[in-house]
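Work through the exercises below with the coordinates open. Each task is followed by a stepwise solution.

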Amino acid sequence: MNWKEIRWRIRYGLQYVPFTFNTLLCLVAAFAAYKLLYQPTPKEDPAPFRPFIILMGKMAFWFIVVLVGVSILSTIASWLHYVWLKRHKHYQLQVDFTTETKNGKKNKLYLNALLQGVHRPILGFIKGRLFYDGRQLTDKFSLLSNKRKENTIWRAAITGRSRMALPDVKEYQLKGGFIYFEDMLHIFSLAVAQPVSGHFYQPPVLAQDDDRDVFPRKTETLDVRIDQLRRVEGEYLNYKDFESGDDVRRIVWKVYAKNRELVVRIPEMFEPYASHLYFYASFHASVKTQWLNEGYFREMLNYYKNCVWTVYDTLAKKEWELKYVPDQSFNVPEHLSRDERAARIISNSNWHADKSVLQYFNAKQGTVLVISSLTDPDELANTLEQCDAGTVVYFVKLSKVFRHFVAWNWIKRLIFLPPKDRLNKLRGRWVFSPIRLQIQKREKAIEELLRRSNVNSGTL
């Protein structure tokens with residue numbers, strides 16, 4: 001058992017400890033107030049109003065003690081009642097995740113929680129917390145709302161809705177959770193484990209877009225008329241029955257040898273129509289494999305996913321039917337819409353070294369290609385040789401993730417508290433990182449390749 005496993009077991013076990021930091025603070029405050037109010041008074045007190053002030057202080061002190069005591073006792077009673085409900089009626093925490101639509105864009109993840117049959121403590125709180133990916137804990141969320149029974153005033157359950165702010169854009173796996181019963185001053189926190197399971201994902205958010213004119217390179221249905229001639233496929237399997245006047249050189253003799261039917265191969269046609277726009281986004285990373293799990297590349301991945309989603313959202317507004325061709329395979333639910341499916345695939349994608357951009361991108365049908373600073377310049381050069389002016393290439397400069405004003409950042413660290421999130425910590429160390437020089441060198445090489453090529457390129 002390594003140190004990480006031991007630390008996680010200690011952290012998991014501490015969830016059952018009912019005492020908190022507030023417990024110590026309240027005990028110290030109560031002891032100090034008691035000593036102050038009940039210390040012996042001198043017989044000859046120069047302050048004539050001192051006894052009255054002490055009496056009022058004692059009344060306030062015992063009022064607070066009684067109020068907090070009632071809250072603590074009701075918290076224990078609510079905790080015992082729920083333990084009974086869980087054991088005999090199997091009531092447990094139910095959660096689901098939704099994304100909030102803002103200005104027509106899904107970009108915020110929310111947790112919706114429900115707990116049946118439980119009674120909230122008097123002046124107390126009921127909170128929850130989830131374990132995800134085996135070792136990570138979410139922040140505590142509150143269950144403050146009531147769900148009433150139909151056509152009655154009685155409460156059937158308590159609910160809560162909380163914004164989830166997780167570090168990475170990806171799919172997470174739930175491993176369990178806790179419900180906490182806390183008094184008004186959070187002196188005690190009584191926990192009950194919850195067998196929560198399932199999956200949820202944090203969707204990408206929109207970044208600054210770069211809208212460019214794009215046109216499909218392939219036609220599947222004659223829906224939209226355009227100014228340029230595009231390739232149109234023939235009938236099913238590109239075959240049709242042989243008719244008088246057909247070129248005998250296009251007869252498929254393999255089919256004739258098999259079932260004695262004369263069929264001819266339909267040649268490709270060119271029509272002034274187009275229907276489908278093929279969108280490619282490469283997650284290939286031409287770097288050392290052990291680097292990909294470092295914090296720098298995880299933040300680069302989040303930024304790249306947001307940029308890919310931004311380009312996709314921009315193209316989805318056009319009149320063409322957008323088809324996203326991923327470079328990784330995922331099991332995505334069939335009931336999802338086209339955009340939801342694309343968002344799920346983008347969120348689940350990771351840096352990989354399996355399929356290079358040359359192997360991935362089909363220059364004959366692909367119109368839009370998104371690449372990152374981790375793309376191999378040699379592979380990109382070979383890919384660009386197959387492209388023409390109708391291809392749009394979006395280049396995502398990953399060094400922008402850590403761009404900041406170094407002097408101002410250090411001044412803030414001296415005056416204010418240091419940032420706690422991973423991105424801000426990495427920004428402070430980025431200027432000294434050897435990875436920065438390698439990334440910037442590769443970005444210059446990619447920009448030079450795009451400048452010399454005849455493709456329509458943009459930088460994000």
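**Exercise 1. Charges over rings**

Find the ring that Arg 161 lies over, and give the distance to the ring centre.

Solution. This is a predicted model. Step one: Arg 161 lies over the face of Tyr 110. Step two: the distance to the ring centre is 4.0 Å. Step three: look at Lys 140 too. Its charged end sits over the ring of Tyr 180, 4.2 Å from the centre of that ring. Step four: follow Tyr 180 further. Tyr 180 belongs to a cluster linked by ring pairs, together with Trp 8, Tyr 12, Tyr 16, Phe 131 and Phe 178.

**Exercise 2. The ring pairs of Phe 283**

Classify the pairs that Phe 283 forms with Tyr 304 and with Trp 351, and place each partner in the chain.

Solution. Step one: start from the total. The structure holds 25 aromatic pairs. Step two: take Phe 283 and Tyr 304. Their ring centres are 5.0 Å apart, and their planes meet at 85°. Planes over 60 degrees apart count as edge-to-face, so this pair is edge-to-face. Step three: place the two residues. Phe 283 is in the loop between β16 (276-281) and α5 (295-316), and Tyr 304 is in helix α5. They are 21 residues apart, and the pair links distant parts of the chain. Step four: check burial. Phe 283 is buried, at a relative accessible area of 0%. Tyr 304 is buried as well, with a value of 0%.

Step five: turn to Trp 351. Phe 283 and Trp 351 form a tilted pair, with 6.2 Å centre to centre and 50° between the planes. Trp 351 lies in the loop between α6 (338-348) and α7 (357-360), so its pair with Phe 283 ties together parts 68 residues apart in sequence. Step six: both Phe 283 and Trp 351 are buried.

**Exercise 3. Packing of two helices**

At what angle do α5 and α6 pack, and how far apart are their axes? Describe the orientation and the handedness of the crossing.

Solution. Step one: the angle is about 160°, and the axes are 10 Å apart. Step two: angles over 145 degrees count as roughly antiparallel, so α5 and α6 are roughly antiparallel to each other. Step three: the crossing of α5 past α6 is right-handed. Step four: list the contact. From α5 come Lys 305, Val 308, Trp 309, Tyr 312 and Ala 316. From α6 come Arg 338, Asp 339, Ala 342, Ala 343, Ile 346, Ser 347 and Asn 348.

**Exercise 4. Two residues and their contacts**

Is Asn 302 buried or exposed? Which residues does Asn 302 contact, leaving aside neighbours within four places in sequence? Do the same for Val 205.

Solution. Step one: Asn 302 is found in helix α5. Step two: its relative accessible area is 7%. Buried means under 20%, so Asn 302 is buried. Step three: with neighbours within four places left aside, Asn 302 is in contact with Pro 167, Asp 168, Val 169 and Arg 422.

Step four: Val 205 is found in the loop between β10 (198-201) and β11 (218-219). At 31% relative accessibility, Val 205 counts as partly exposed. Step five: with neighbours within four places again left aside, Val 205 is in contact with Asn 107, Asn 306, Trp 309 and Thr 310. Step six: the C-alpha atoms of Val 205 and Thr 310 are separated by 7.5 Å, with their positions 105 residues apart along the chain.

**Exercise 5. Positive phi**

Where do Leu 123 and His 186 lie, and what are their phi values?

Solution. Step one: Leu 123 is in the loop between β2 (105-116) and β3 (125-132). Its phi is near 55°, a positive value in a residue other than glycine. Leu 123 is partly exposed, at 46%. Step two: His 186 lies in the loop between β8 (171-182) and β9 (189-194). Phi of His 186 is near 60°, again positive in a non-glycine residue. His 186 is partly exposed, at 24% relative accessibility.

Notes. Residues numbered from 1 in each chain as written. Predicted model: local features only at pLDDT ≥ 70, side-chain atom pairs only at ≥ 80, totals over all residues. Heavy atoms only, no water. Phe/Tyr/Trp six-rings, centres within 6.5 Å; stacked < 30°, edge-to-face > 60°. Helix = DSSP H or I, 4+ residues; strand = E, 2+ residues; numbered from the N terminus. Buried < 20%, exposed > 50% of the residue type's maximum accessible area, 1.4 Å probe, protein only. Lys NZ or Arg CZ within 6 Å of the ring centre and 35° of its normal. Axes fitted to C-alpha atoms, helices over the stretch in contact; angles between N-to-C directions. Parallel < 35°, antiparallel > 145°, perpendicular 65-115°, else oblique. Left-handed = near helix turned anticlockwise from the far one by under 90°. Contact = heavy atoms within 4.5 Å.
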